Amino acid sequence: MVTLEQGLATSKKNGKPVSAKFEIENGKPQLSIYTVKDGSKYFEVIVDHASGEIAKAEPITGGDDLAAAKKQGAGLFRATRELREAVKEAKRDNPGYLAVSVWSDMKDSHSLATVTLVKDNDWKTAVIDLTVYKTLVKE
């Protein structure tokens with residue numbers, strides 16, 4: 001079974017990932033990833049949960065999906081790290097947990113990634129700051 005990080009890496013062929021989640025569609029598990037290309041073209045990329053390959057990529061053209069994708073894309077405005085790095089950090093800080101979703105958001109001028117994790121029946125949420133400021137020091 002493919003991991004969230006693998007799916008995020010694969011989806012980069014179709015733009016910058018702004019969110020990802022495992023879901024059930026027509027009774028089957030799938031990994032759905034929203035991406036943005038050229039700053040204004042949004043796609044839903046479905047990654048096959050077994051092979052890890054892109055099963056399909058469709059433009060998001062309207063409705064709630066487009067509104068959500070735009071909000072998540074804007075959430076990465078100040079990000080200096082990728083969602084995949086946030087997922088890795090959340091899993092490192094919560095050994096034994098699997099990441100099932102991640103999305104980006106803005107709060108107090110910071111790009112944040114919210115990662116949902118699960119282990120057996122225990123669910124957790126980790127919020128990871130994607131905004132890393134470098135301090136300029138004059139010597």
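Buried means under 20% relative accessible area, exposed means over 50%, and partly exposed lies in between. The exercises below apply these cut-offs and others to a predicted model.

**Exercise 1. Backbone angles in the loops**

Task: Find where Asn 26 lies, state its phi, and decide whether the residue is buried or exposed.

Solution.
- Step 1. Asn 26 belongs to the loop between β1 (16-25) and β2 (28-37).
- Step 2. Its phi is near 55 degrees, a positive value in a residue other than glycine.
- Step 3. For comparison, most residues other than glycine have a negative phi.
- Step 4. The relative accessibility of Asn 26 is 72%, and the cut-off for exposed is over 50%, so Asn 26 counts as exposed.

Task: Do the same for Ser 109.

Solution.
- Step 1. The loop between β5 and β6 holds Ser 109.
- Step 2. Ser 109 is not a glycine, yet has a positive phi of about 65 degrees.
- Step 3. With 40% relative accessibility, Ser 109 falls between the limits of 20% and 50% and therefore counts as partly exposed.
- Step 4. In the hairpin of β5 and β6, which has 2 residues between the strands, Asp 108 also takes a positive phi, near 50 degrees.

**Exercise 2. The partners of strand β6**

Task: Describe how β6 pairs with β5 and with β7, and how far β6 is covered.

Solution.
- Step 1. Strand β5 (residues 98-107) pairs with β6 in the antiparallel sense, over 9 bridges. Ala 99 has Leu 117 of β6 opposite it.
- Step 2. Strand β7 (residues 122-129) runs antiparallel to β6 and is joined to it by 8 bridges. Here Val 118 stands opposite Trp 123.
- Step 3. The hairpin of β6 and β7 has 2 residues between the strands, and Asp 120 takes a positive phi near 55 degrees there.
- Step 4. Of the 10 residues of β6 (residues 110-119), 8 are buried, which leaves the strand mostly covered.

**Exercise 3. The nonpolar core**

Task: Which residues have the most contacts inside the largest nonpolar core, and what does Val 102 touch?

Solution.
- Step 1. The largest nonpolar core has 31 residues, and Val 102 and Val 115 have the most contacts inside it.
- Step 2. Setting aside neighbours within four places in sequence, Val 102 is in contact with Leu 4, Leu 8, Ser 19, Ala 20, Leu 83, Val 87, Ala 113, Thr 114 and Val 115.

**Exercise 4. The largest pocket**

Task: Give the volume of the largest pocket and account for its lining by element and by class.

Solution.
- Step 1. The largest pocket encloses about 160 Å³ of space.
- Step 2. Its lining includes Met 1, Glu 5, Phe 22, Lys 91 and Leu 98.
- Step 3. The elements giving two or more residues to this lining are α1 (4-11) and β5. The largest share, 3 residues, comes from β5.
- Step 4. Sorted by class, the lining has 7 nonpolar, 1 polar and 2 charged residues.

**Exercise 5. Val 36**

Task: Is Val 36 buried or exposed, and which residues does it touch?

Solution.
- Step 1. Val 36 lies in strand β2.
- Step 2. Its relative accessibility is 13%, under the 20% limit, so Val 36 counts as buried.
- Step 3. Not counting residues up to four places away in sequence, Val 36 touches Gly 15, Lys 16, Val 18, Lys 41 and Tyr 42.
- Step 4. Glu 89 is 53 residues from Val 36 in sequence, with 23 Å between the two from C-alpha to C-alpha.

Terms used
Residues numbered from 1 in each chain as written. Predicted model: local features only at pLDDT ≥ 70, side-chain atom pairs only at ≥ 80, totals over all residues. Heavy atoms only, no water. Core = buried A, V, L, I, M, F, W, Y, C linked by side-chain atoms within 4.5 Å. Buried < 20%, exposed > 50% of the residue type's maximum accessible area, 1.4 Å probe, protein only. Contact = heavy atoms within 4.5 Å. Helix = DSSP H or I, 4+ residues; strand = E, 2+ residues; numbered from the N terminus. Pairing = 2+ DSSP bridges. 1 Å grid on protein atoms, 1.4 Å probe; cavity = no way out; pocket = protein on both sides within 12 Å on 5 of 7 lines; lining within 4 Å. Points joined across faces, edges and corners; volume = space filled by probe spheres on them. Nonpolar A, V, L, I, M, F, W, Y, C, P; charged D, E, K, R; others polar.
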